[in-house]
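Welcome! Have the sequence and the 3D view ready, and try each exercise yourself before you read the solution.

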Amino acid sequence: MPRSNHPRRAPASGSAAGRNARRKWASAPPEVDLERTRAGIPMRESGPDGEWSVRQITAGKAAKDYRCPGCGGIIPPGTAHLVVWQEDSLLGRQTAVESRRHWHNHCWRIRRRY
């Protein structure tokens with residue numbers, strides 16, 4: 001006969017084991033949004049033009065029009081793209097983050113040709 005992993009009766013309500021068991025099974029753990037987690041961490045890229053932080057913006061998070069500095073075209077809402085800022089800016093990190101730019105993925109990859 002297979003063994004059951006469930007207790008046959010609940011522990012006494014005043015015992016520490018009873019309180020912990022109720023807390024442990026009271027609610028399911030919150031679901032992790034992997035897309036949000038991945039999007040929240042910028043990647044670092046090095047190039048001949050400096051050190052860059054690059055953050056992926058998913059199509060669901062792109063809510064308004066942006067102008068790509070690479071091609072000059074519009075990045076419409078609902079289009080996945082990149083947000084990029086320079087890490088080694090002479091004016092400091094805060095200024096670099098404030099002057100970040102939204103790029104098409106393709107334009108960012110070929111930016112050295114412009």
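## Exercise 1: Cysteines

The sulfur of C68 has its closest cysteine sulfur in C107, 3.8 Å away, which is too far for a bond. This is a predicted model, in which local features need pLDDT of at least 70 and side-chain atom pairs count only at pLDDT 80 or more, while totals for chains, interfaces and linings use all residues. Residues are numbered from 1 along each chain as its sequence is written, and side-chain values use heavy atoms, with hydrogens and water left out.

Task: Find out how many disulfides the rule gives, and decide whether C68 is buried or exposed.

Solution, step by step:

1. Recall the idea: a disulfide is a covalent bond between the sulfur atoms of two cysteines.
2. Take the cut-off: the two cysteine sulfur atoms must lie within 2.5 Å.
3. Test C68: the distance to the sulfur of C107 is 3.8 Å, too far for a bond.
4. Test C71: the nearest cysteine sulfur is again in C107, at 3.7 Å, and C71 is in no disulfide.
5. Count: the rule gives zero disulfides.
6. Now look at accessibility, where buried means under 20% relative accessible area, exposed over 50%, and partly exposed in between (1.4 Å probe, protein chains only). C68 has a relative accessible area of 1%, so C68 is buried. C71 has 44%, so C71 is partly exposed.

## Exercise 2: The sheet

Task: Work out in which order the four strands of the open sheet are arranged, and which strands are at the edges.

Solution, step by step:

1. Start with the elements: the chain has four helices and six strands. Helices (H or I, at least four residues) and strands (E, at least two) are DSSP runs, numbered from the N terminus.
2. Follow them from the N terminus on: α-α-β-β-β-β-β-α-β-α.
3. Look for pairs; two strands pair if DSSP finds at least two bridges between them.
4. Begin with β1 and β2, which run antiparallel and are joined by five bridges. A hairpin of two residues connects β1 to β2, and M43 stands opposite V54 in β2.
5. Go on to β2 (residues 50-57) and β5 (residues 81-86): six bridges join these antiparallel strands. Here S53 stands opposite W85 in β5.
6. Put the order together: the open sheet reads β1-β2-β5-β6, with antiparallel pairing. The edge strands are β1 (43-47) and β6 (101-103), each of which pairs on one side only.

## Exercise 3: The nonpolar core

Task: Find which residues make up the largest nonpolar core, and list what I75 touches beyond its sequence neighbours.

Solution, step by step:

1. Use the rule: a nonpolar core is a set of buried Ala, Val, Leu, Ile, Met, Phe, Trp, Tyr and Cys residues joined through side-chain atoms within 4.5 Å.
2. Read off the members: W52, V54, C68, I75, L82, V84, W103, C107 and W108, nine residues in all. At least two residues of this core come from each of β2, β5 and α4 (105-109).
3. Zoom in on I75, which lies in strand β4 (residues 74-75). Its relative accessibility is 0%, so I75 counts as buried.
4. List contacts, meaning heavy atoms within 4.5 Å. Leaving out residues up to four places away in sequence, I75 touches K64, D65, Y66, C68, H81, H102, W103 and H104.
5. Compare sequence with space: I75 and W103 are 28 residues apart in sequence, and their C-alpha atoms are 7.9 Å apart.

## Exercise 4: Tryptophan rings

Task: Find how many aromatic pairs a search of the whole structure gives, and which residues the ring pairs link into a cluster.

Solution, step by step:

1. Take the rule: rings of Phe, Tyr and Trp (its six-membered ring) pair if their centres lie within 6.5 Å; planes under 30 degrees apart count as stacked, over 60 as edge-to-face and the rest as tilted.
2. Count: the search finds two aromatic pairs.
3. Describe W52 and W108: their centres are 5.4 Å apart with 75° between the planes, an edge-to-face pair. This pair links distant parts of the chain, with W52 in strand β2 and W108 in helix α4, 56 residues apart.
4. Describe W103 and W108: also edge-to-face, at 5.2 Å centre to centre and 75° between the planes.
5. Check burial: W52 is buried at 15% relative accessible area, W103 at 13% and W108 at 3%.
6. Join the pairs: W52, W103 and W108 form a cluster linked by ring pairs.
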